[in-house]
Amino acid sequence: MDIALVRSVTDSFSRALVGESGSVLDPDRARRQHADYVAVLRSAGCTIEEVAGDEAHPDCVFIEDTAVVLGSVAVIARSGASSRRGEAVPVRDALTGRFSIATIDAPGTLDGGDVMQVGGKVYVGHSERSNPAGIEQLVEIAAGCGLDVTTVRVHDGLHLKSSVLPLDAETVLVTPDSVDEAALNGLRVVREAPTERFRASALPMRDGRLLITTSAPLTSEMLANIGYDVVPVDVTELQAADGGLTCMSILFRDPAR
Ligand code: CIR
């Protein structure tokens with residue numbers, strides 16, 4: 001059984017980081033979309049555990065960035081956005097006792113959105129948010145779990161998973177010209193429709209379905225045509241704050257089962 005750790009949308013979400021887009025955010029709309037997202041995770045067999053939202057952290061709904069589960073270890077991240085650093089504290093509490101805890105320490109920075117696991121391999125984005133010192137620490141922690149890490153330079157977009165998303169154990173959906181694709185060698189690459197740049201976000205469920213953002217209908221149709229069982233999910237208000245489908249949950253197998 002998968003556990004999905006999620007975090008609620010706060011009223012302060014209206015002040016979440018929006019980069020240079022200048023988007024105006026509506027917390028109520030985000031909350032409704034988040035509830036639908038959580039309902040889809042539940043329908044796919046996930047047990048939902050909610051970490052209470054924290055008004056002091058407008059971006060806290062994007063829980064993926066705070067921690068990464070690598071085998072039996074939970075890596076507590078240290079965000080490249082200083083305003084987000086306190087978000088990890090209650091997430092660490094939720095993971096303690098289930099996993100051994102490792103931490104990314106200063107001067108290292110790492111956002112969970114930069115860590116992608118596909119078919120037993122780990123990739124980390126060298127991005128605006130994750131620096132070489134943080135990546136080096138992740139590599140060392142992963143080595144202790146018997147895992148190699150491949151670094152991927154992110155040229156465009158916030159995180160690696162803003163533009164490279166696992167679809168299944170050997171396939172990724174890629175936004176063209178956003179990362180150093182040579183580092184994805186060995187993976188099957190399918191491309192987001194050019195007119196939907198950065199709008200497609202995907203999250204595969206263990207029941208075989210593939211969640212895909214409604215804001216990328218052409219990409220969704222292309223994925224359906226090549227055999228994916230796509231489920232459109234509307235998270236446009238969370239995308240306005242640079243979020244995607246992966247970033248609103250931390251999914252892991254219940255180690256107690
Ligand atoms: C941020 O800028 O940190 C948030 N507004 C969005 C984070 C999205 N996280 C993710 O895709 N993993």
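The questions and answers below deal with the ligand, the pockets and the cavity of this structure.

Me: What should I keep in mind about the model before I start?
Reply: This is a predicted model, in which local features need pLDDT of at least 70 and side-chain atom pairs count only at pLDDT 80 or more, while totals for chains, interfaces and linings use all residues. Residues are numbered from 1 along each chain as its sequence is written, and side-chain values use heavy atoms, with hydrogens and water left out.

Me: What makes Asp65 a polar contact of the ligand?
Reply: A polar contact is a pair of N or O atoms within 3.5 Å. A polar side-chain atom of Asp65 lies 2.8 Å from a nitrogen atom of the ligand, so this pair falls within the limit. The side chain of Arg84 has a polar atom 2.8 Å from a ligand oxygen atom, and a polar backbone atom of Ala241 is 2.7 Å from a nitrogen atom of the ligand. The protein covers 98% of the 350 Å² of accessible area that the ligand has on its own, as found by the Shrake-Rupley method with a 1.4 Å probe.

Me: Which residues come nearest to the ligand?
Reply: Among the 14 residues around the ligand, these are Asp59, Glu64, Asp65, Arg84 and Ala241, where near requires a heavy atom within 4 Å. The shell holds five nonpolar, three polar and six charged residues; Asp, Glu, Lys and Arg count as charged.

Me: Why is the space of the ligand called a pocket, and what is a cavity?
Reply: On a 1 Å grid over the protein atoms alone, a pocket is an open set of points with protein on both sides within 12 Å along at least five of seven lines, whereas a cavity is a set where a 1.4 Å probe fits but cannot get out, and lining residues have an atom within 4 Å of a point. A molecule sits in a pocket if more than half of its atoms lie within 2 Å of its grid points, and the space taken by the ligand is the second largest pocket, with a volume of about 650 Å³.

Me: Which residues are closest to the centre of the largest pocket?
Reply: The largest pocket has a volume of about 850 Å³, and of its 28 lining residues Gln117, Leu203, Arg206, Leu251 and Phe252 are closest to the centre.

Me: How many cavities of 30 Å³ or more does a search of the whole structure find?
Reply: The search finds one. The largest cavity has a volume of about 50 Å³, and its lining includes Asp65 and Arg84.

Key
A polar contact is a pair of N or O atoms within 3.5 Å; within protein, one must be able to donate a hydrogen and the other to accept it, and residues adjacent in sequence count only if both atoms are side-chain atoms. Grid points are joined across faces, edges and corners, and a volume is the space filled by probe spheres set on the points.
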